[in-house]
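Let's get to know a protein model together, one question at a time. Take a look at it first.

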Amino acid sequence: MPRSTKQRTAIAEALRRAARPLLPPEILSDAQQSVPNLNLATIYRNLNLLIQDQLVAAVHLPGQPTRFEIASHHHHHFHCRECDKV
């Protein structure tokens, strides 16, 4: 398990609050509320660590960029073409 950092905590909290798969820029926007100097490279680096530890899951949708969510049981996703949310 990776060591807990304020950046990792902010990322995990952003995903928990959203309760839906988020794009990295959406995670960044939310997480910067508690860690203002956070950047996109840090988001990706920490997402990779959280995925390795099976705390976060990548959500792959055809023709869409990868989104991320808190890891849980297997479930399906729907993509809204109007608002672009999953």
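Here are some questions and answers about this model.

This is a predicted model, in which local features need pLDDT of at least 70, side-chain atom pairs count only at pLDDT 80 or more, and totals for chains, interfaces and linings use all residues. Residues are numbered from 1 along each chain as its sequence is written, and side-chain values use heavy atoms, with hydrogens and water left out.

Q: In what pattern do the helices and strands of the protein chain follow along the sequence?
A: Helices (H or I, at least four residues) and strands (E, at least two) are DSSP runs, numbered from the N terminus. The protein chain has 3 helices and 2 strands. Read along the sequence, they give α-α-α-β-β.

Q: Are helix 2 and helix 3 roughly parallel or roughly perpendicular?
A: Two packed helices are described by the angle between their axes and the distance between the axes. Axes are lines fitted to C-alpha atoms, for helices over the stretch in contact, and angles run from 0 to 180 degrees between N-to-C directions. The axes of helix 2 (residues 24-31) and helix 3 (residues 40-52) come within 10 Å and cross at roughly 110°. That crossing makes the two helices roughly perpendicular (65 to 115 degrees; under 35 is roughly parallel, over 145 roughly antiparallel and the rest oblique).

Q: How many residues in the contact of helix 2 with helix 3 are nonpolar?
A: Contact means heavy atoms within 4.5 Å, and here Pro24, Pro25, Ile27 and Leu28 of helix 2 meet Leu40, Ile43, Tyr44 and Leu47 of helix 3. Ala, Val, Leu, Ile, Met, Phe, Trp, Tyr, Cys and Pro count as nonpolar, Asp, Glu, Lys and Arg as charged, and the others, Gly among them, as polar. The contact has no polar and no charged residues, and the number of nonpolar ones is 8.

Q: Which residue forms a salt bridge with glutamate 13?
A: A salt bridge is a side-chain nitrogen of Lys or Arg within 4 Å of a carboxyl oxygen of Asp or Glu. In this pair the closest N and O atoms are 3.0 Å apart. The partners lie 3 residues apart in helix 1 (residues 6-18), so about one helical turn separates them. The partner of glutamate 13 is arginine 16.

Q: Which side chain meets aspartate 30 in a salt bridge?
A: The N to O distance is 2.3 Å. The pair links distant parts of the chain, helix 2 and helix 1, 13 residues apart. The partner of aspartate 30 is arginine 17.
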